[in-house]
Amino acid sequence: MAQPDTKKIFFENLSGAGKSIAVLTSGGDAQGMNAAVRAVVRMGLYVGAKVYFIHEGYQGMVDGGENIKEATWESVSSMLQVGGTVIGSARCKEFRTHEGRLKAAHNLVQYGITNLCVIGGDGSLTGANLFREEWSGLLSELVGQGLIEDEAVQKYSALHIVGMVGSIDNDFCGTDMTIGTDSALHRIIEVVDAIMTTAQSHQRTFVLEVMGRHCGYLALVSALACGADWVLIPEMPPEDGWEDKMCQKLSANRAGMKRLNIIIVAEGAIDHSNKPITTDYIKDLVVKCLGFDTRVTILGHVQRGGTPSAFDRILASRMGVEAVFALLETTANTPACVVSLCGNQSVRLPLMECVQMTQEVQKAMDEKRFEEAVKLRGRSFENNLKTYKLLAHRKPESELPISNFNVAVLNVGAPAAGMNAAVRSAVRVGISEGHKMFAVSDGFEGLSKGQIREIKWADVGGWTGQGGSLLGTKRTLPAKHVDKIAEQMRKNNINALLIIGGFEAFESLLQLYEARATHEELCIPMCMLPATISNNVPGTDLSIGADTALNAIVETCDRIKQSASGTKRRVFIIETMGGYCGYLASVGGLAAGADAAYIYEEPFDIRDLQANVEHLTEKMKTSIQRGLVLRNENSNENYTTDFIYQLYSEEGKGVFDCRKNVLGHMQQGGAPSPFDRNFGTKISAKAMQWITKKLVETFRQGRVFANTEDTCCLLGMRRRALVFQPVVQLKGDTDFVHRIPKEQWWLKLRPLMKILAKYKTSYDVSDSGQLEHVVRNRPKESDASVAM
């Protein structure tokens, strides 16, 4: 944690000395924009550039004067957790005119600004690209009018543009997720969860309208996340006669003892004649046809408001840093680019290629080429739609394939939010594939005791939003019960196994694989889905439940920091869970704006602790009023949370005082976040399809026999793709003593957290995004993108 020598891993052309960068937010606001602004400012200052705010978007650029201000480190303090954009955003008609852009160019030249970071939607980014293309001509005009000197044309000959997409609609092609989308989904799901309780009480139907004039992403993903009965989106208008089908579905659900119905409508929903489908039309239809007590709720701008989610803070911080690198690396011939997210990796894409594809989607919709519009939205959107249809609409028994296979699903290890969504998805996809699904209670201990029952489609209704594990879960490993487990597998004729859990699930799968040699009953396809808040499973970048835990940590840190508002300077020491894995402490620290995060993977000693105290003391002597330090529960057996608290208290005397907080099991509880609901749902659906494929491949002479490595796999997210990996091949990647992978991708984010906390440290740019093209942005396996 100490301040090491300023050993830079920046390449020489990444120095920002002598350069000026301006950041502006334009168009509609989105939660997370402030995190992006903060990252641009602090990384820009870190590399030696001058950084400027342009207040009120393009309007501020045209008006100049007080709207363009130099940014300091302190000017972006305490803005990470604030929604909207603190530097303001405005739609500017004047910038659309040549005269307006001429004024803007004059204002930028006066400040020596030739690097522009634009955070906005496709309209804002298109305007920035036009400004860049006209730049040299605008400067020539300014010289002709005597407003600037000839030398200025040479000195400021090229304008460099990098964009970040800030839009809650997630309507920009080329990126899996735009800044603000995850936070908007949080607002929607909070409302839906609240409405479901009142709807259940009165047996009501609720019709909810969510934002999305031209894009149905929010409606589709929120429907997937809450298990809505029906969803209407502009990209896929319902077929003729949809009204009768919808009413039949609602009626059938009520007949199946379901006490409520949820219908989600995007504000831009249309039918095949491009006629709008309104919430009032649907309400009147349900009342007229079914007589159900029906209410309409229009969420409106509540979706834009509130604090950004952990996902949006991390996404915006990573994109902001990547945007600075892109600006420093750009040349006069480099096209304007947009910093994008593909899977779990930052990439750079030519701005206009993304804009053109986004415009093609709208054109396809206008011309009623709706299937093409869905494909143009990207594989993530297309996969969301397929998964929703698969889970929401049950086929009649006569249309189901007959497989005669029995598939069991169980949870192993500690509970994690999102487990129930994964179980629901597995059960419904399995039934759709023609299998008979079985639920095992209490993990392998329950399996050894015969706690296994058939589970039907309706049994998992309403499971998506439930926290914990409704099946019940235990940490017991199968090795000591393997004979009894094999007996139960034979007794119930189990042909495949889906295990959802954390590190214990990984160890269990290894033990079952090894037991195949002595127990033929275990020679069946087996798949594991990583589900643990610790995110410590090898073979995957992310686990079900980790996002919910991160949000719990970030929300608590926000409240704790706010508790010191208006008091004297204060530092908070927060202990997080995670075993020996520092994921929660590190990534939670980045999302909460921590000054330090102590973890097992990065050893520290008393000198590091002392350096951190001194660093905080220096910051506290300026305008910074609050400090935040996170410590992973097993980071060091001697430097405990109490020890660190006492050290900071003693060394900070006269400058700041200290408080400590152990977050404990609150990180494990609560309703799953939208991310975990959808991640669990989609990877579980993919796992069941893999199981079906393996069952067909290994069915020989009237029985299933699978004893190869590739029939015992973990499904994990690796960078840009979802990958099935034989568990035996992951043994070498695993530290079994400390229950963590030997290599962990998120360790590369730790220097970013330190830099944003004003430490001088090295930063590895070898993993920075390189300019790609939109057409090859989606690898084959990324159809179930982690970014929902």
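In this predicted model, strand 18 (residues 570-576) and strand 21 run parallel and are joined by six bridges. One of the pairs links valine 571 to cysteine 658 of strand 21. Both strands belong to an open sheet of four strands, with the order 19-20-18-21 and parallel pairing. Strand 19 (596-598) and strand 21 (657-662) are the edge strands; each has a single partner strand, so one side of each has no neighbour in the sheet. From one strand to the next the twist averages 20°.

A second open sheet also has four strands, here in the order 7-8-6-9, and its pairing is parallel. Its edges are strand 7 (230-232) and strand 9 (294-298), and since each has a single partner strand, one side of each is left without a neighbour in the sheet. The twist in this sheet averages 15° from one strand to the next. Within it, strand 6 (residues 205-210) pairs with strand 8 (residues 261-266) in the parallel sense over six bridges. Valine 210 has alanine 266 of strand 8 as its bridge partner.

Helices pack on this sheet. Helix 6 (residues 181-202) touches strand 6, strand 8 and strand 9, and its direction makes about 165° with that of strand 6. Helix 7 (residues 217-226) lies across strand 6, strand 7 and strand 8 and runs at about 160° to strand 8.

A further parallel pair is formed by strand 1 (residues 20-25) and strand 2, joined by four bridges. Serine 20 is bridged to lysine 50 in strand 2. Strand 2 (residues 50-54) is mostly covered, with four of its five residues buried.

The parallel strand pairs for which a bridge count and a bridge partner are given are listed below.

| Strand pair | Bridges | One bridged residue pair |
|---|---|---|
| Strand 1 and strand 2 | four | serine 20 and lysine 50 |
| Strand 6 and strand 8 | six | valine 210 and alanine 266 |
| Strand 18 and strand 21 | six | valine 571 and cysteine 658 |

Turning to helix packing, the axes of helix 18 (residues 546-563) and helix 19 (residues 583-592) come within 9 Å and cross at roughly 50°. Because of that angle, helix 18 is oblique to helix 19. The crossing of the two helices is right-handed. On the side of helix 18 the contact is made by Ala546, Ala549, Leu550, Ile553, Val554, Cys557 and Lys561, and on the side of helix 19 by Tyr583, Leu584, Val587, Gly588, Ala591 and Ala592. These residues divide into 11 nonpolar, one polar and one charged.

Two individual residues complete the report. Arginine 101 is found in helix 3 (residues 98-111). Its relative accessibility is 7%, under the 20% limit, so arginine 101 counts as buried. Beyond residues up to four places away in sequence, arginine 101 touches Glu94, Phe95, Arg96, Leu130, Phe131, Glu134 and Leu138. The C-alpha atoms of arginine 101 and valine 62 are separated by 6.9 Å, although the two residues are 39 residues apart along the chain.

Asparagine 495 sits in the loop between helix 16 (482-491) and strand 16 (496-501). With a relative accessible area of 9%, asparagine 495 is buried. Leaving out neighbours within four places in sequence, asparagine 495 is in contact with Asn404, Phe405, Asn406, Ile524, Pro525, Leu695 and Val704.

Methods. Residues numbered from 1 in each chain as written. Predicted model: local features only at pLDDT ≥ 70, side-chain atom pairs only at ≥ 80, totals over all residues. Heavy atoms only, no water. Buried < 20%, exposed > 50% of the residue type's maximum accessible area, 1.4 Å probe, protein only. Contact = heavy atoms within 4.5 Å. Axes fitted to C-alpha atoms, helices over the stretch in contact; angles between N-to-C directions. Parallel < 35°, antiparallel > 145°, perpendicular 65-115°, else oblique. Left-handed = near helix turned anticlockwise from the far one by under 90°. Nonpolar A, V, L, I, M, F, W, Y, C, P; charged D, E, K, R; others polar. Pairing = 2+ DSSP bridges.
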